[in-house]
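Welcome! Take a look at the model below, and then we can walk through it together.

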Amino acid sequence: MGFINVSTPPGSPYVRHLQLHRPPVNAFSEEFWQEYGATLDDLASLKEDVRAVVISSALPNIFTAGIDFQGLKSLAPTPTDPARTAHRLHTHIHTFQHAISAPERCPFPVIAAVHGAVLGLGVDLVSACDVRWAAEGAWFAVKEIDLALAADIGTLARLPKAAGNQSLVRELAFTGRAFGAGEAVAAGFVSRVVPNGGKGSAGRDAVVRAALGLAAEIAAKSPVAVAGTKRLLLHARDHSVHDNLEYTAAWNAAMLQTEDLKLAVEAASKRGKNKPKEKAEAGGPSPFRALRGKL
């Protein structure tokens with residue numbers, strides 16, 4: 001254990017910064033991905049007032065090299081009954097998927113701030129995050145194909161829905177070729193490339209600083225509204241428009257009764273319709289009570 005560093009950025013009491021730290025390249029062993037999932041699930045329990053999370057790498061030159069090859073040895077065929085081997089592998093894959101899918105279970109946005117190489121499992125990991133920002137030197141690759149594997153931890157499920165170019169998604173998955181931050185933002189996989197970041201620690205520092213600013217801005221909003229928005233967006237991704245509208249109506253029939261609505265209207269009235277919200281408010285005390293675990 002001890003591969004995830006968790007901190008609260010100065011001036012942002014509702015934000016948590018999770019840094020991946022397994023030198024030299026953040027290769028994911030089983031212990032690493034188990035800790036990753038457990039850390040996010042613990043934050044999702046809202047024992048603390050957490051309203052946004054940023055995930056980055058603590059290493060200066062790389063986000064992650066993906067899976068630790070040593071861990072793949074345990075998946076080798078064994079001289080046992082094929083059905084029992086399949087059952088063991090199915091359980092392992094499902095547990096692995098559950099850990100990497102942890103950002104979707106959080107009732108707050110999870111922002112991936114990446115730099116350097118984001119390989120294999122790294123694409124699975126960031127695909128499960130709500131927002132993906134990249135340093136200009138970042139690059140990605142769906143490398144599982146080069147290991148004689150079909151990516152099975154989330155990339156093939158989420159990347160086609162995150163990117164707007166289905167032909168490109170198939171090309172990347174079939175070839176395993178690298179694609180840079182510019183291509184990723186053009187395809188819709190990342191929403192922002194942070195400029196002037198360059199390579200190495202400069203790129204990391206720039207994208208992390210920008211992502212923490214975004215997290216602080218989100219954390220200043222009503223946690224009821226943010227949690228609801230995330231839930232409804234996830235539902236919309238996997239359902240028809242009609243089904244999502246029905247779900248939204250049922251959800252908001254309850255959530256519109258929040259006290260946060262009155263507070264937000266009062267605050268907007270004081271600011272005036274055309275006066276922009278002061279930037280300092282994003283890092284200050286929130287007028288909205290903690291969400292806790294009452295959803």
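Phe-140 is a good place to start: beyond its neighbours within four places in sequence, its contacts (heavy atoms within 4.5 Å) are Val-114, Val-118, Val-123, Ala-134, Arg-177, Ala-178, Phe-179, Gly-180, Ala-181, Ala-184, Phe-189 and Val-190. This is a predicted model, where local features need pLDDT of at least 70 and side-chain atom pairs count only at pLDDT 80 or more, while totals for chains, interfaces and linings use all residues. Residues are numbered from 1 along each chain as its sequence is written, and side-chain values use heavy atoms, leaving out hydrogens and water.

**Nonpolar cores**
- A nonpolar core is a set of buried Ala, Val, Leu, Ile, Met, Phe, Trp, Tyr and Cys residues joined through side-chain atoms within 4.5 Å; buried means under 20% relative accessible area (1.4 Å probe, protein chains only).
- Ile-55 and Phe-140 have the most contacts inside the largest core, which has 51 residues.
- Helix H1 (residues 30–44) gives this core its largest share, six residues.
- A second, separate core has 21 residues, including Val-131 and Trp-133.

**The sheet**
- Four strands (DSSP runs of E, at least two residues) form an open sheet in the order E4-E6-E8-E9, with mixed pairing.
- Strands E4 (62–64) and E9 (179–180) are at the edges with a single partner strand each, so one side of each has no neighbour in the sheet.
- E6 (residues 117–119) and E8 (residues 139–141) pair (at least two DSSP bridges) in the parallel sense over three bridges.
- Leu-119 has Ala-141 in E8 as its bridge partner.

**Helix H10**
- Among the buried residues of H10 (a helix is a DSSP run of H or I, at least four residues) are Pro-223, Leu-232 and His-235.

How values were computed: Buried < 20%, exposed > 50% of the residue type's maximum accessible area, 1.4 Å probe, protein only.
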